Amino acid sequence: MSKEVAKVPSSRFSRLSKMGGLASRLAGNVLVEGAKQLSKGQSPKLQELVLTPKNISQVAEKLAQLRGAAMKVGQMISMDTGDLLPAELSEIMARLRDDAKAMPHKQLVEILKQQWGQDWLAPFAQFELRPFAAASIGQVHLAYLDSGEKLAVKIQYPGIKDSIDSDIDNVATLLKVAQLVPDHIQFDKLLNEAKAQLHHEADYQYEANLLKQYQQWVANDERFIVPKVYDALSTDSILVMEFIEGEAIENVARLDQQTRDNVATQLLALFLDELFEFKLVQSDPNFANFMYQASSDKIVLLDFGATRSISDTLSAGYRKLMQGAMTSDKALMTQAASEIGFFQKDITPEQQQLIVDIFYQACEPLRSEAEYDFASSNLAKRITDAAKSMSTKPDEWHTPPTDAIFVHRKLAGIYLLASRINAKVDVKKLFLSHQSCR
């Protein structure tokens with residue numbers, strides 16, 4: 001896999017200077033463009049001066065170079081607000097999702113020496129310096145032990161841990177000054193959540209413990225595989241795991257209907273297990289976090305840094321909400337939504353009804369007496385349109401509890417995957433089976 005290379009600025013000063021340099025260039029561009037428009041007798045607006053193709057390209061490039069918090073803010077804003085963003089900001093966020101660059105070899109080796117010592121290569125028969133994957137806070141390398149065991153080595157970019165809060169604050173300031181964030185989006189809440197989540201994701205020991213927890217849960221489960229952790233080689237900045245073969249989960253779309261249906265069914269069943277039994281949800285719905293192993297007909301589960309604990313209250317609230325949606329009991333759904341924490345004190349009955357109606361639509365598969373055909377349904381678009389309509393009216397928008405946002409994100413991701421692979425799932429049967437397990 002060929003990855004574009006760019007050094008990651010590791011010190012706070014170098015990271016801040018990247019942002020400062022970007023701000024200076026944007027300001028210069030704004031002045032030049034403003035002068036051009038004034039000379040033509042036009043009255044330019046600040047946002048129009050900022051949102052030029054040249055500026056958009058420079059913002060995306062600099063945020064991608066910073067990796068870590070800068071990219072995470074972009075990804076979270078994009079995922080949590082979706083189509084509510086201005087088209088220009090959506091373009092920046094889309095570039096950030098796809099534009100992770102790899103570290104140069106020299107910088108990579110410096111990190112390996114810091115973490116493992118000068119003789120860092122000793123445990124390995126082979127270590128590939130070119131990563132096969134790169135994301136917002138780290139990149140992943142292939143390695144082999146002398147015993148022949150194949151490993152996936154996730155290495156964190158330097159400076160990420162120490163710069164999370166300042167990076168996010170700097171990016172937030174830039175976006176606010178440029179008036180790139182719509183007024184009705186509760187931006188500060190999103191930023192605080194981005195900080196908390198990224199601190200967890202940047203702690204690879206935390207992720208290693210979660211990997212082990214999931215391994216215990218699926219140890220005797222024929223549906224899933226979770227890679228084992230190599231504790232002796234892992235640190236808080238390097239996570240060494242078993243390399244598991246598999247193909248991209250969306251490639252299942254090329255297989256037979258039964259396999260497609262089974263994959264979507266098992267992933268939705270796992271989500272219900274997480275929500276009602278484990279009370280621990282891997283909340284990142286990125287397709288790259290799943291693979292399919294055709295030889296064993298198993299789903300490989302990867303990347304647990306974004307895993308969140310779910311309270312008993314939240315779990316019980318969603319059980320009640322789904323029960324109400326399945327039986328078309330709007331009163332029960334309203335009670336459940338209130339218990340989850342969706343309704344602020346000053347909410348009106350009409351606003352409550354809008355929120356419950358969106359839930360009712362989202363739970364449409366629960367009311368199907370047969371397998372729900374995700375491919376032929378426009379459910380995702382209907383939910384998005386309804387949420388967009390409500391959220392563009394500030395007096396009708398009430399931001400849900402943070403944990404609920406992540407629960408919805410995961411469910412939406414599974415819906416999207418089921419649609420992408422043309423799957424049919426008996427959702428009602430799955431939910432009833434979890435009801436009987438109480």
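Q: Which residue in β10 is the bridge partner of Y292?
A: This is a predicted model, where local features need pLDDT of at least 70, side-chain atom pairs count only at pLDDT 80 or more, and totals for chains, interfaces and linings use all residues. Residues are numbered from 1 along each chain as its sequence is written, and side-chain values use heavy atoms, with hydrogens and water left out. Strands (E, at least two residues) and helices (H or I, at least four) are DSSP runs, numbered from the N terminus. In β10, Y292 is bridged to I299.

Q: In which sense do β9 and β10 pair?
A: Two strands pair if DSSP finds at least two bridges between them. Strand β9 covers residues 290-293 and has four bridges to β10. The sense of this pairing is antiparallel.

Q: Which residue in the hairpin of β9 and β10 takes a positive phi?
A: The hairpin has four residues between the strands. One residue there takes a phi near 55°. That residue is D297.

Q: Which residue of β10 is the bridge partner of I225?
A: Strand β5 (residues 224-225) pairs with β10 in the parallel sense, over two bridges. M291 has V300 as its bridge partner in β10. For I225, the partner in β10 is also V300.

Q: In what order do the four strands of the open sheet stand?
A: The pairing in this sheet is mixed. β5 and β7 (247-248) stand at the edges with a single partner strand each, so one side of each has no neighbour in the sheet. The order is β5-β10-β9-β7.

Q: Are the residues on the two faces of β10 buried or exposed?
A: Buried means under 20% relative accessible area, exposed over 50%, and partly exposed in between (1.4 Å probe, protein chains only). On one side of β10 (residues 298-301) are K298 and V300. On the other side are I299 and L301. All four are buried.

Q: At about what angle does α10 run to β10?
A: α10 lies across β5, β9 and β10. Axes are lines fitted to C-alpha atoms, for helices over the stretch in contact (heavy atoms within 4.5 Å). Angles run from 0 to 180 degrees between N-to-C directions. For α10 and β10, the angle is about 45°.

Q: What is the relative accessible area of K279?
A: K279 is found in the loop between α10 (257-278) and β8 (280-282). K279 is not a glycine, yet its phi is positive, about 55°. K279 counts as partly exposed because its relative accessible area is 27%.

Q: Which residue with a positive phi follows α15?
A: α15 has 19 residues and reaches 27 Å from its first C-alpha to its last, close to the 27 Å expected at 1.5 Å a residue. That expected span is 1.5 Å times one less than the number of residues. In the loop between α15 (402-420) and β13 (424-425) lies a residue that is partly exposed, at 36% relative accessibility. With a phi near 55°, the residue is N422.

Q: Which residue's backbone oxygen does the side chain of S368 reach?
A: S368 lies in the loop between α13 (349-362) and β12 (372-373). S368 counts as buried because its relative accessibility is 18%. At 2.8 Å, its side chain reaches the backbone oxygen of A370.

Q: How many strands does the protein chain have?
A: Buried residues make up 51% of the 438 residues in the protein chain. The chain has 16 helices. Its strands number 13.

Conventions: Polar contact = N/O pair within 3.5 Å; in protein donor to acceptor, adjacent residues only side chain to side chain.
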